[in-house]
Amino acid sequence: MTAAPVPQQLDRRHALEMVRVTERAAVAAAVWRGRGDEQSAEEAATSAAYAELGQMSVSGRVVIGAGVEGDVSHLYIGETVGGGGDAVDIAADALEGATLCAKNMPGSMAVMVLAAPGSLLQVPPVYMDKVAIGPGYPKDVISLRVKPEDNIRALAEAKGVSTSDITALVLDRPRHAGLIAAVRAIGASVKLITDGDVAGVIHTTNPRDSGVDIYLGTGGAAEGVLAAAALRCMGGQMQGRLILDTDDKRGLARKLGIRDPGRIYDLSDMVAGDCLMAATGVTDGPLLHGVRFSRGLVETDTLLMRAASGTVRRISTRHSDPRKFGLEG
Ligand code: VTB
Ligand code: MG
Ligand code: MG
C-alpha cells in the first residue's frame, strides 16, 4: 500500500477565496476607524473573517490567530475554520495594527496566510527579534548572530552604497533606543513606525518606493511569521528569534514544541513550504489604500500573493452591494 502523496503545492484556487476573507475583515474594521476603540475594531474584523472563512473550501486549523480559546470568540489557536475541503493551516491577523485603526493612522490591514498543515511555525504570544531585507541580494547578507550595525554594513556592501544611504525601519518603542542610536551612529537613517511591522517588513521588498532597505527590531512573534510568509511570496531574507526571557514564556514555547529557546529561525523555518497570503488595507497607507465608503459603494485594495509561483496580485474591488457586509445600501 502506498501512502497518500504529500501535496507539494496548495491549490491556487484558494487564493481568490482568501481575498473575500480579508476584504470582509477590512470592511468590518474600517467601520471602527478613528473611533478610539481597538477592541471593537479587532472583534468586528475577527468575526467577519471567521464568517467568510466558512465559505472557503478548506478544513482549516488556526495556528496563528486572535488569541487562546476562551479569551476570544473566534480565530482562537486550534479552532477549526472553513466550509470543509483541503486540510490547511491558517495564520490570521484580522486587524494588524488595531491601534492604527482606532486612531485612523496609516498602515492597518487585514492579513491572512494559508499553508500546508504543519508548515507554519507556531509561536507563543511573545516578542520576536527580527531582521529582514527584500529580494535581489546574495544569500545570507543579514543575520541575527551579528549586531544590527553589521547587518547594515553588510547590506550597504551588497548594494554597493555607503551606510549613509541605508534606511532602517524600526518600531518606535523605548526598548529600541539603543538599536536606533547604534544604527544612527554608523550614519544610517532610521524610519520609525508606531505599529504594523508586517507591512514594515513588506516595505523592504520595494526600497525604491518605500524608502526602506532593512527592517530591524523586536515586534510580535505572530507578526514575524506573517511577515515571513510575505517574503516567501515576494522574495527576501529574514531571521527571527523569540524573546523568551521568563520561565513563563519559555514554558509556553515548550508546550508548542520549541526545545531551544535561543533558536534563530530562517524564512523556511517559519514557513516551511508553499503559502498563500492576502492583505487588505483598512486605513490608507503606503502599501495599500484603506477601505473607501461612498453612497452605495465600498471599495477595497488587496495584495494577494502565492509563494509557489511568486505571483503578486493587486486587487482593487468595487463592492456595489454594501448590504453583503451588513451595511446600509
Ligand atoms: C508589535 C508589532 C505589531 O503591535 O506586535 C506591536 O509586531 C506591539 O508591540 O505590528 P508593543 O507591545 O511594543 O506595543 C504591532 O505594531 C501591531 O499589531
Ligand atoms: Mg490584530
Ligand atoms: Mg497585530
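Modeller: Welcome! A residue counts as buried here when its relative accessible area is under 20%, as exposed when over 50%, and as partly exposed in between. Please keep in mind that this is a predicted model.

Biologist: Thanks! Is E96 buried or exposed?

Modeller: E96 is one of the protein donors of the magnesium ion (ligand 3). Its relative accessibility is 4%, and the limit for a buried residue is 20%. E96 therefore counts as buried.

Biologist: Which residues are the protein donors of the magnesium ion (ligand 3)?

Modeller: Along the chain, the donors of this ion follow the spacing D-x2-E-x126-E. They lie 2.1 to 2.2 Å from the magnesium ion (ligand 3), and each gives a side-chain oxygen, labelled OD or OE: D93, E96 and E223.

Biologist: How many residues apart are E96 and E223?

Modeller: E96 sits in strand β3, while E223 belongs to helix α8 (residues 221–234). This pair links distant parts of the chain, and the two residues are separated in sequence by 127 residues.

Biologist: And is E223 buried or exposed?

Modeller: E223 has a relative accessibility of 18%. Since the limit is under 20%, E223 counts as buried.

Biologist: Let us turn to the other ion. Which residues are the protein donors of the magnesium ion (ligand 2)?

Modeller: The sequence spacing of these donors reads E-x50-D-x1-L. They lie 2.2 to 2.3 Å from the ion, and the atoms involved are OE, OD and O of, in that order, E42, D93 and L95.

Biologist: Which residue coordinates both magnesium ions, ligand 2 and ligand 3?

Modeller: The two ions are 3.6 Å apart. The residue they share is buried, as is L95. It appears among the donors of ligand 2 and again among those of ligand 3: D93.

Biologist: How do helices α1 and α2 run, roughly parallel or roughly antiparallel to each other?

Modeller: The axes of α1 (residues 13–30) and α2 (residues 38–53) come within 8 Å and cross at roughly 155 degrees. Angles over 145 degrees fall in one class, so the two helices are roughly antiparallel.

Biologist: How many residues of the contact of α1 with α2 are nonpolar?

Modeller: α1 passes α2 in a right-handed crossing. The contact includes V21 and A25 of α1 along with A41 and L53 of α2. No polar residues take part and three are charged, while the nonpolar ones number eleven.

Biologist: Is V88 buried or exposed?

Modeller: V88 lies in strand β3 (residues 86–96). Beyond its neighbours within four places in sequence, V88 is in contact with L10, V58, S59, G60, R61, L114, A115 and P117. Its relative accessibility is 2%, so V88 counts as buried.

Biologist: How far apart are the C-alpha atoms of V88 and A168?

Modeller: Along the chain, V88 and A168 are 80 residues apart. In space, their C-alpha atoms are separated by 35 Å.

Biologist: Now for the loops. What is phi of N104 near?

Modeller: N104 is placed in the loop between α3 (98–102) and β4 (109–115). With 44% relative accessibility, N104 counts as partly exposed. Its phi is positive, in a residue other than glycine, and near 50 degrees.

Biologist: One last one: is D140 buried or exposed?

Modeller: D140 is found in the loop between β5 (127–133) and α4 (148–159). It also has a positive phi, near 55 degrees. Its relative accessible area is 65%, and the cut-off is over 50%, so D140 is exposed.

Notes
Residues are numbered from 1 along each chain as its sequence is written. Chains are lettered from A and ligands numbered from 1 in the order in which they are written. This is a predicted model: local features need pLDDT of at least 70, side-chain atom pairs count only at pLDDT 80 or more; totals for chains, interfaces and linings use all residues. Side-chain values use heavy atoms; hydrogens and water are left out. Axes are lines fitted to C-alpha atoms, for helices over the stretch in contact, and angles run from 0 to 180 degrees between N-to-C directions. Helices (H or I, at least four residues) and strands (E, at least two) are DSSP runs, numbered from the N terminus. Angles under 35 degrees count as roughly parallel, over 145 as roughly antiparallel, 65 to 115 as roughly perpendicular and the rest as oblique. A crossing is left-handed if the near helix is turned anticlockwise from the far one by less than a right angle, and right-handed if clockwise. Contact means heavy atoms within 4.5 Å. Ala, Val, Leu, Ile, Met, Phe, Trp, Tyr, Cys and Pro count as nonpolar, Asp, Glu, Lys and Arg as charged, and the others, Gly among them, as polar. Donors are N, O and S atoms within 2.8 Å of the metal (3.2 Å for Na, K and Ca); water is not among the atoms, so sites may look incomplete. Buried means under 20% relative accessible area, exposed over 50%, partly exposed in between (1.4 Å probe, protein chains only).
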